[in-house]
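Grab the model and work through a few exercises on it. Each one sets a task and then walks through a solution.

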Amino acid sequence: MRLRIGSRGSQLALWQANHIAGQLRQQGHEVEIEIIHTTGDKILDVALSKVGAKGIFTKEIEEALATKQIDLAVHSLKDLPTELGDQFEIAAIPPREDPRDALCSVRYSAVDQLPSNAKVGTSSLRREAQLRAIRPDLVIHPLRGNVDTRLRKLESGEYEAIILALSGLRRLGRTELVRQVIPIQLMCPAAGQGALAIEIRAGDDDVRSTLAFLDDKAARCETECERTLLKELGGGCQVPIGASAKFSGGTLHLEAVVASPDGKTILRESGQGEDAAALGALVGGRLLKKGGGAILEQVYARAEPQPEQP
């Protein structure tokens, strides 16, 4: 087949698209990559919190898919809203990278080694809230830009540390400043972090069957569980919700967190089971009953939070 892949133009997004393209070419397919600039990529001088967050990194790509400009889209799964339009489906979720967050620093080896009032950069309300819970003495600043830009700002001394997804750093071969892979118990990852999603037009049987070899059972089960929890809570990757599922021996174990933005309230729940969607809904419901709904209502009332980046 001749396949056209739609991708954002960032270094990490293109790595991901080329990774999938390479596997398809090994199967004998002709593959092209089309770069599509999304709203989140175009607006660089305005805080994303003022733009609105739903589908900010996927909307234009989905439009290209709907109009048959492309045949499939490669996304970071955590960028995709939990509810897809009826005209789309996720055809494959390939094997997942490590979903944990990483502390990057020139001088300091771990979160608990940072000095008081150290300046830490992150674009994520989820990371910020959990960081404030364990280190309320740190000064947390927003951090925009691609992975290279963020690491360059760190190396130039603008920050004592920054927090990024370990998966993106590994994919780009930029782990030289990783000082700590942060345990899930300290910083629960975003739902779907470390996973890719290959999106196609619903009902496109030829493309779906062509992509079937890329689908990984464990990655699909884990991310379905996490995204169901996120949907149950009414959130997206940009809100202070963490969800980490692990599939082993036919059973899923889920750890989840809802945090107030100031880090003063951290709600935790966990559970295990064999049905991914049922487990996600169960643990999400427990968090709501525990007070998660009130926390999230306050977040939504404040402003549209900033979409999370790698």
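**Exercise 1: the three-stranded sheet**

Three strands make up an open sheet, ordered β11-β12-β13, with antiparallel pairing. Strands here (E, at least two residues) and helices (H or I, at least four) are DSSP runs numbered from the N terminus, and two strands pair if DSSP finds at least two bridges between them.

Before going on, a word on the ground rules: this is a predicted model, in which local features need pLDDT of at least 70 and side-chain atom pairs count only at pLDDT 80 or more, while totals for chains, interfaces and linings use all residues. Residues are numbered from 1 along each chain as its sequence is written, and side-chain values use heavy atoms, with hydrogens and water left out.

Task: work out which strands are at the edges of this sheet, and what packs on it.

Solution.
- Step 1. Start with the edges: β11 (241-248) and β13 (266-273) each pair on one side only.
- Step 2. Check the turn between neighbouring strands, which averages 10° with direction ignored. Axes are lines fitted to C-alpha atoms (for helices, over the stretch in contact), and angles run from 0 to 180 degrees between N-to-C directions.
- Step 3. Look at one pair: β12 (residues 251-259) and β13 are antiparallel, over eight bridges. Val 257 sits opposite Arg 268 of β13.
- Step 4. Add the helices. α4 (residues 125-134) packs on the sheet and touches β11, β12 and β13, its direction making about 110° with that of β13. α8 (residues 217-233) also packs there, touching β11 and β12, at about 150° to the direction of β11. Contact means heavy atoms within 4.5 Å.

**Exercise 2: the five-stranded sheet**

Task: find the strand order and say why one side of β2 and of β4 lacks a neighbour.

Solution.
- Step 1. The order is β2-β1-β3-β10-β4, an open sheet with mixed pairing.
- Step 2. β2 (30-35) and β4 (88-92) are the edge strands with a single partner strand each, so one side of each has no neighbour in the sheet.
- Step 3. From one strand to the next, the twist averages 35°.
- Step 4. β4 pairs with β10 (residues 196-201) in the antiparallel sense through four bridges, and Ile 90 has Glu 199 in β10 as its bridge partner.
- Step 5. Helix α3 (residues 59-66) lies across β1 (2-7), β3 (72-76), β4 and β10, at about 35° to β10.

**Exercise 3: an enclosed strand**

Task: decide whether β8 is largely enclosed or not, and name its partners.

Solution.
- Step 1. Five of the five residues of β8 (residues 161-165) are buried, so the rest of the structure largely encloses this strand. Buried means under 20% relative accessible area, exposed over 50%, partly exposed in between (1.4 Å probe, protein chains only).
- Step 2. Now split the faces: Ala 161, Ile 163 and Ala 165 are buried on one side, Ile 162 and Leu 164 on the other. In a regular strand, side chains alternate between the two faces of the sheet.
- Step 3. β5 (residues 101-104) pairs with β8 in the antiparallel sense over four bridges; Asp 101 has Ala 165 as its bridge partner.
- Step 4. β6 (residues 119-121) runs parallel to β8, joined by two bridges, with Gly 121 opposite Ile 162.

**Exercise 4: confidence**

Task: say where pLDDT stays under 50.

Solution.
- Step 1. pLDDT is the predictor's confidence in each residue, from 0 to 100. Its mean over the protein is 91, and 91% of residues reach 70 or more.
- Step 2. The stretch to flag is residues 44-51, where pLDDT stays under 50 and the model has 16 contacts beyond four places in sequence.
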